[in-house]
Amino acid sequence: MNEGTVSSSLLEIEREQCMLLSDLTFNEKVCYIYNPLDYARETHEFFVTTYCNEPKSVLFLGMNPGPFGMAQNGVPFGDSTYVKNWLKIKGNVFKPIKEHPKRQIQGLNCTRSEVSGNRFWSFMKEVCGKPENLFRNCYVHNYCPFSMMTESAKNITPPDLKARERKTLLEICDEALYKVIKLLQIKIVVGIGKFAQERATQVIKEFNLQDIAVVGIMHPSPVNPAANKGWSTIVYDQLKQSDILKHMV
């Protein structure tokens, strides 16, 4: 594929995924839905076109946007400090159609750090040095592009949804993940957390993808007590054991 063809095809897969997800209806607990691929389109597309314009070997797969990460700027695990200063992402970020007063979108000006994103990108900076070293063979992607909240601004993740709603959402996101894996010619999917690892495993099985490995690393969320006890050391060992590090430097 020509340079630019991969990134434009990836963005098209995401647009179709978002269109299908937008047609879904959710239970009364889901009061707010943010689609950063829409209101943060400029920064998201800057990320994609800068770092994903050719096939990759490894796909780091997250679950869905965090309220102070990708929901703010359209970049997976998007802690603003690293998005601006290490990844050098630029662009305007607008507002979601319906915004929660406690979860206002400030884009690249968001001053609140996302712990998961801070841990993830600081690790990548330490291991890889420059973004170009990481993205030469790797890419970072979220399984579901939507962020959801209750009336009280409590985060709702895909596993939190009711069974029927979850089933339809998973079908749409599984199909999109399959297309991304095929487009990027991925050889290894690294699930960041159990949920992402399980979805990747299911997609590999369901679509009968040959010779693609799925491995897992610990999720950096502070909700996970183990992640608060030296996450970077644990994940470094996990990636070393899985022989992923060679793709990152």
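# Close-up views of a predicted model

**View 1. Strand E3 is a mostly covered strand.** Five of the five residues of E3 are buried, where buried means under 20% relative accessible area, exposed over 50% and partly exposed in between, with a 1.4 Å probe and protein chains only. Strands such as this one (E, at least two residues) and helices (H or I, at least four) are DSSP runs, numbered from the N terminus. Cys138, Val140 and Asn142 point one way from E3, while Tyr139 and His141 point the other way. In a regular strand, side chains alternate between the two faces of the sheet.

A word on the numbers: this is a predicted model, in which local features need pLDDT of at least 70 and side-chain atom pairs count only at pLDDT 80 or more, while totals for chains, interfaces and linings use all residues. Residues are numbered from 1 along each chain as its sequence is written, and side-chain values use heavy atoms, with hydrogens and water left out.

**View 2. Strand E2 has E3 and E6 as parallel partners.** Two strands pair if DSSP finds at least two bridges between them. Here, strand E2 (residues 58-62) is joined to E3 by five bridges and to strand E6 (residues 188-192) by four. Take Phe60: its bridge partner in E3 is Val140, and in E6 it is Val190. Leu59, for its part, stands opposite Tyr139 in E3. E2 is largely enclosed by the rest of the structure, because five of its five residues are buried. Val58, Phe60 and Gly62 point one way from E2, and Leu59 and Leu61 point the other way.

**View 3. The largest nonpolar core holds 76 residues.** A nonpolar core is a set of buried Ala, Val, Leu, Ile, Met, Phe, Trp, Tyr and Cys residues joined through side-chain atoms within 4.5 Å. Phe60, Trp121, Met124, Ile181, Leu239 and Met248 touch the most other members. Helix H8 (residues 163-184) gives this core its largest share, ten residues. Apart from it lies another core, of eight residues, including Cys31, Tyr34, Ala71 and Met149. Back to Met124: leaving aside neighbours within four places in sequence, Met124 is in contact (heavy atoms within 4.5 Å) with Phe60, Trp86, Gly129, Leu134 and Met248.

**View 4. His100 sits in a loop and is buried.** The loop runs between helix H5 (80-85) and helix H6 (115-128). His100 counts as buried because its relative accessibility is 4%. Its side chain reaches the backbone oxygen of Glu151 at 2.7 Å. That is a polar contact, meaning a pair of N or O atoms within 3.5 Å; within protein, one must be able to donate a hydrogen and the other to accept it, and residues adjacent in sequence count only if both atoms are side-chain atoms. Not counting neighbours within four places in sequence, His100 is in contact with Tyr32, Tyr34, Met149, Thr150, Glu151, Ser152 and Ala153.

**View 5. Three strands make an open, antiparallel sheet.** The order is E1-E4-E5. Strand E1 (32-34) and strand E5 (155-156) are the edges, each pairing on one side only. Strand E4 (residues 147-149) pairs with E5 over two bridges, and Met148 stands opposite Ile156 in E5.

**View 6. The largest pocket has a volume of about 850 Å³.** On a 1 Å grid over the protein atoms alone, a pocket is an open set of points with protein on both sides within 12 Å along at least five of seven lines, a cavity is a set of points where a 1.4 Å probe fits but cannot get out, and lining residues have an atom within 4 Å of a point. Grid points are joined across faces, edges and corners, and a volume is the space filled by probe spheres set on the points. This pocket is lined by 37 residues, and Ser116, Asn155, His219, Ser221 and Val223 lie nearest its centre. Helix H9 (194-206) gives the most to the lining, with four residues.

**View 7. The largest cavity encloses about 60 Å³ of space.** Among the residues lining this cavity are Glu14, Gln17, Leu37, His44 and Tyr139. Helix H1 (5-22) and strand E3 (138-142) are the elements that give two or more residues to this lining. The largest share, three residues, comes from E3.

**View 8. Cys144 is buried in the loop between E3 and E4.** Its relative accessibility is 0%. Cys144 touches, among others, Gln17, Leu21, Met63, Pro158 and Cys173, residues up to four places away in sequence not being counted.
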